[in-house]
Amino acid sequence: MKYVIIGAGVAGIEAAKTIRQQDASGDIVMISQDTFVHSRCMLHKYISGERDEKGLDFTERDFFDKYRVHWKKGVRVTNVFPDKKEILLDNGQTIAYDKLLLAGGADSFIPPVGQLRQASNVYGLRNLPDAQAIVKEAQWAENVLVIGSGLVGLDAAYGLLERGKKLTVVEMADRILPMQLDARAAMAYQERFEKAGARFVLQRKASQAVCQPDGRIHQVILDDGEAIPCDLIIVAAGVRSSLACLEGSGIACERGVTVDASLKTSAADVYAAGDITALSGIWPNAADQGRIAGKNMCGIAAAYTDTYAMKNTINFFGLVTLCVGRVKEEEGDLVCIREDQNQYKKILLKDGRVEGILFQGNIANAGIWQYLIKNKIDVRGIKKDVFDINYGDFYHVGDRGKYEWVIESL
Ligand SMILES: Cc1cc2nc3c(=O)[nH]c(=O)nc-3n(C[C@H](O)[C@H](O)[C@H](O)COP(=O)(O)OP(=O)(O)OC[C@H]3O[C@@H](n4cnc5c(N)ncnc54)[C@H](O)[C@@H]3O)c2cc1C
């Protein structure tokens, strides 16, 4: 059996590991544009100078030898031909497969604002070469502009602040990390970033950006007319699944590659996992999908059921936050807040079920909240402060390997 995996990110790596655990003798070929295995979540540590390329590797030592994975690095898959069960590489080579995994992740999205897409001093932050280019430019750049204050924008900002750069972050929303945090939790980070030298311009959009004869943009004009001078621009305005090599393949795609619960695509023996599916966009889910696809590729039935996409741990300047589920308050929510000098905790309950948590400062014992949200457990029967719910309030019963949690006091 020959397994071919496109992508050496966490989804591809976890799939390879899983396949080897199930199939000791099959051939596993992994193909990636990446020449270093690296954690995207750690790129800010590379920008800040805290880690080198090797320090971003998240695999165990001798991973490729240990799991007998043949890694073809630094090559791009240009086409997939499901009818012939072949893929084509940019070096002209074709590779046949019995089972194929699409784990190509996503690409930075640069919005069509002015000439952002044409300028040579505009970067996304998705992979190591982006981070390397940013570090190179940052050596002499005096004015850095970051467009977007989501996790990726703030990662870039953090890394550059640690290098002593002053920078401006422009954000359309009324707070930073708007997808993850509420105003109170966001302000705690904003203050720390400002202390480190960042300036935030909120509720503003970049509206004009013109390349000068040197091919670079030297200022970006915002929608209120303010001109922000810049030598280096980092755009963190979202990602798009890497679907280019699937054009003409007939494999069904919408925002990402369309998959069923077993992560099988519309083509026979072709699976997809990780950001390319657009099911989630976060590391632990990409890893889970890799493992689940790997099992199914070996004929062991497994389903991906983690449909709540939002689950983030954020840590900047020593302040840690965990958010799971929904952040935005809705009509009919019971909003519970507990705060003191060291922590801010918010729980959103609807009809007795926890739909979202945001814990800042102290994220201990978070496991139970993830379980309650995922399984939509009704907690109304527990006669105590919701913040004090713990595993002791439950017992579980095994049912052919499936755990069911029952509230004792109900
Ligand atoms: C800056 C940054 C910070 C992040 N921080 C967090 C965080 O704190 N927490 C969190 O949970 N998530 C975070 N994420 C998201 C997380 O990194 C992703 O969800 C995860 O990396 C997805 O893994 P993946 O394997 O699907 O794709 P990727 O990691 O993107 O890997 C894709 C692989 O496919 C290869 N590839 C793509 N197209 C081709 C092709 N045509 N031919 C050959 N190879 C190809 C690439 O070279 C790469 O090896 C962050 C992402 C970024 C960019």
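How far does a backbone N or O atom of D275 lie from an oxygen atom of the ligand? I looked this up at the start and found a separation of 2.8 Å. I note here that the model is predicted.

**Entry 1: the ligand**

I next listed the surroundings of the ligand and recorded 29 residues around it. The closest are D34, V77, R126, D275 and W283. For V77, I found a backbone N or O atom 2.8 Å from a nitrogen atom of the ligand. I also looked up V10, where a polar backbone atom is 3.2 Å from an oxygen atom of the ligand. My notes on the ligand thus include backbone atoms of D275, of V77 and of V10.

**Entry 2: S48**

I turned to S48 and placed this residue in helix 2, which covers residues 43-48. Is S48 buried or exposed? I entered S48 as buried, because its relative accessibility is 12% and the cut-off for buried is under 20%. Setting aside residues up to four places away in sequence, I found that S48 touches G159, E162 and R163. I also checked S48 against G164, which is 116 residues apart from S48 along the chain. The C-alpha atoms of S48 and G164 are separated by 9.1 Å.

**Entry 3: cavities**

I then searched the whole structure for cavities of 30 Å³ or more, and the search gave one. The volume of the largest cavity is about 30 Å³. Which residues line the largest cavity? I wrote down R326, V327, K346, I347, L348, G356, I357 and L358. Strand 22 (344-350) and strand 23 (353-360) are the elements that give two or more residues to this lining. Sorting the lining residues by type, I counted five nonpolar, one polar and two charged.

**Entry 4: Q360**

Strand 23 led me to Q360, which has its place in that strand. I recorded Q360 as buried, since its relative accessible area is 3%. What lies 3.1 Å from a polar atom of the side chain of Q360? I found the backbone oxygen of A185 at that distance. A185 is also one of the residues in contact with Q360 when neighbours within four places in sequence are left aside. Further contacts of Q360 include R184, A188 and Y189. I noted L319, V320 and T321 among the contacts as well, together with N342, Q343 and Y344.

Technical notes: Residues are numbered from 1 along each chain as its sequence is written. This is a predicted model: local features need pLDDT of at least 70, side-chain atom pairs count only at pLDDT 80 or more; totals for chains, interfaces and linings use all residues. Side-chain values use heavy atoms; hydrogens and water are left out. Helices (H or I, at least four residues) and strands (E, at least two) are DSSP runs, numbered from the N terminus. Buried means under 20% relative accessible area, exposed over 50%, partly exposed in between (1.4 Å probe, protein chains only). Contact means heavy atoms within 4.5 Å. On a 1 Å grid over the protein atoms alone, a cavity is a set of points where a 1.4 Å probe fits but cannot get out, and a pocket is an open set with protein on both sides within 12 Å along at least five of seven lines; lining residues have an atom within 4 Å of a point. Grid points are joined across faces, edges and corners, and a volume is the space filled by probe spheres set on the points. Ala, Val, Leu, Ile, Met, Phe, Trp, Tyr, Cys and Pro count as nonpolar, Asp, Glu, Lys and Arg as charged, and the others, Gly among them, as polar. A residue is near a molecule or strand if one of its heavy atoms lies within 4 Å of it. A polar contact is a pair of N or O atoms within 3.5 Å; within protein, one must be able to donate a hydrogen and the other to accept it, and residues adjacent in sequence count only if both atoms are side-chain atoms.
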